[in-house]
Amino acid sequence: MRVWIFTLMVLASWGASAQPFPSKPLKWIVPFPPGGPTDTFSRAAAQKLAELLKQPVVVENRAGAGAAIGMEALAKSPPDGYTIGLSTTGSHAINPHLYAKLAYDPIKDFAPITLAISYVNVLVSSPSLPVTSVAELVAYAKANPGKVSFGSAGNGSSNHLFGEILKSLTGAPMQHVPYRGSAAALTDVMSGNLTFMFDILNVSGPQIRAGRVRGLAVASSKRSPYVPELPTLAEAGIRGFEEAGADLWFGIMAPARTPRPVIAKLNEALVAGLRSPGMRERIRAQSLDVWTSTPEEFAAVLKADLARWGKIVRQSGARVD
């Protein structure tokens, strides 16, 4: 009898371990608060992933410290494919150079699955501010020291760093005010509590069109097709943003040591989902562009961006202790 019981236990254990992936719900970590662009995108993509994998995908917001809290949680999750998370240029190419201490290694602690989105940031100002161009904003800041502030989604976010770059390039006095997410910062720009901020187009674009904020320029090497009337910062007379503003991204990662077959299956499902006509249309409606990749291509982009942003952060002088 004991032999039979032991045999049944072994067979049950073997059967459980041999179940094809995925055999239970997945968790998707978003390292930013609900309501922002990363959250909006993640919930749509997670829903599509759930349809393709035929398992629920639960989105969990783990905000704070410029995405560092969420990324640390992802890095420390079991490497079995059942926990994945959204990464950004900020979390993986900027934070390692900006923070004196970071609880994760952007390369060693993660397994890239696929790039997902490319986007640009746009410089928007309060409509109550008496400026209509970047040059006028800089002149106003210099003429009114202590009165110009810029918001961000938090220390270490790309919009924080872009504000620091503008401050460094122009020498204009500007005070950084970090928020827990870009949506709250944009609300204060609209109300006049903040002077300006750099923000992602899918959030700020509708506010520009409604006149609630004033678009001044895009922080990229070329104009955006979503706001073609806005000049680049170079066209506006501020050189130095071309390298920083190119190919900002969202990507999807798993903890390091996640089995390669699991990564391959997740990549296949995510790429198919993001490239599907419905998702592509939904993403473009948010002034974002689909940018998928193999895990190896994503790893190469990450490595290159880590080096590129290291130079940019050092030149800006930005630091978070």
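A residue counts here as buried when its relative accessible area is under 20%, as exposed when over 50%, and as partly exposed in between (1.4 Å probe, protein chains only). The model is predicted: local features need pLDDT of at least 70, side-chain atom pairs count only at pLDDT 80 or more, and totals for chains, interfaces and linings use all residues. Residues are numbered from 1 along each chain as its sequence is written, and side-chain values use heavy atoms, with hydrogens and water left out.

**Backbone geometry**

Let us start with some details of the backbone. Most residues other than glycine have a negative phi, and most peptide bonds are trans. Two residues with positive phi are set out below; helices (H or I, at least four residues) and strands (E, at least two) are DSSP runs, numbered from the N terminus.

| Residue | Phi | Loop | Relative accessibility |
|---|---|---|---|
| Lysine 54 | about 60° | between helix 2 and strand 2 (57-61) | 69%, exposed |
| Serine 287 | about 65° | between helix 10 (277-284) and strand 11 (289-290) | 9%, buried |

Neither lysine 54 nor serine 287 is a glycine. The peptide bond between phenylalanine 21 and proline 22 is worth a look too: it is cis, with omega near -5°. Proline 22 lies in the loop that runs between helix 1 (2-17) and strand 1 (26-30).

**Helix 2**

Lysine 54 comes directly after helix 2. This helix covers residues 37-53, and its 17 residues should span 24 Å at 1.5 Å a residue (the expected span is 1.5 Å times one less than the number of residues); the end C-alpha atoms are 24 Å apart, which agrees. Its buried residues include Phe41, Ala45, Leu49 and Leu53. An α-helix has 3.6 residues a turn, so residues three or four places apart point the same way.

**The open sheet**

Now to the sheet, where 5 strands follow the order 7-6-8-5-9 with mixed pairing (two strands pair if DSSP finds at least two bridges between them). Strand 7 (175-178) and strand 9 (214-218) are at the edges with a single partner strand each, so one side of each has no neighbour in the sheet. On average, neighbouring strands are turned by 30° against each other, direction ignored.

Strand 6 (residues 149-152) pairs with strand 8 (residues 196-200) in the parallel sense, over 2 bridges. Phenylalanine 150 stands opposite phenylalanine 196 in strand 8. Helix 7 (residues 182-191) packs on the sheet and touches strand 5 (121-125), strand 6 and strand 8, where contact means heavy atoms within 4.5 Å. The direction of helix 7 makes about 140° with that of strand 8; axes are lines fitted to C-alpha atoms, for helices over the stretch in contact, and angles run from 0 to 180 degrees between N-to-C directions.
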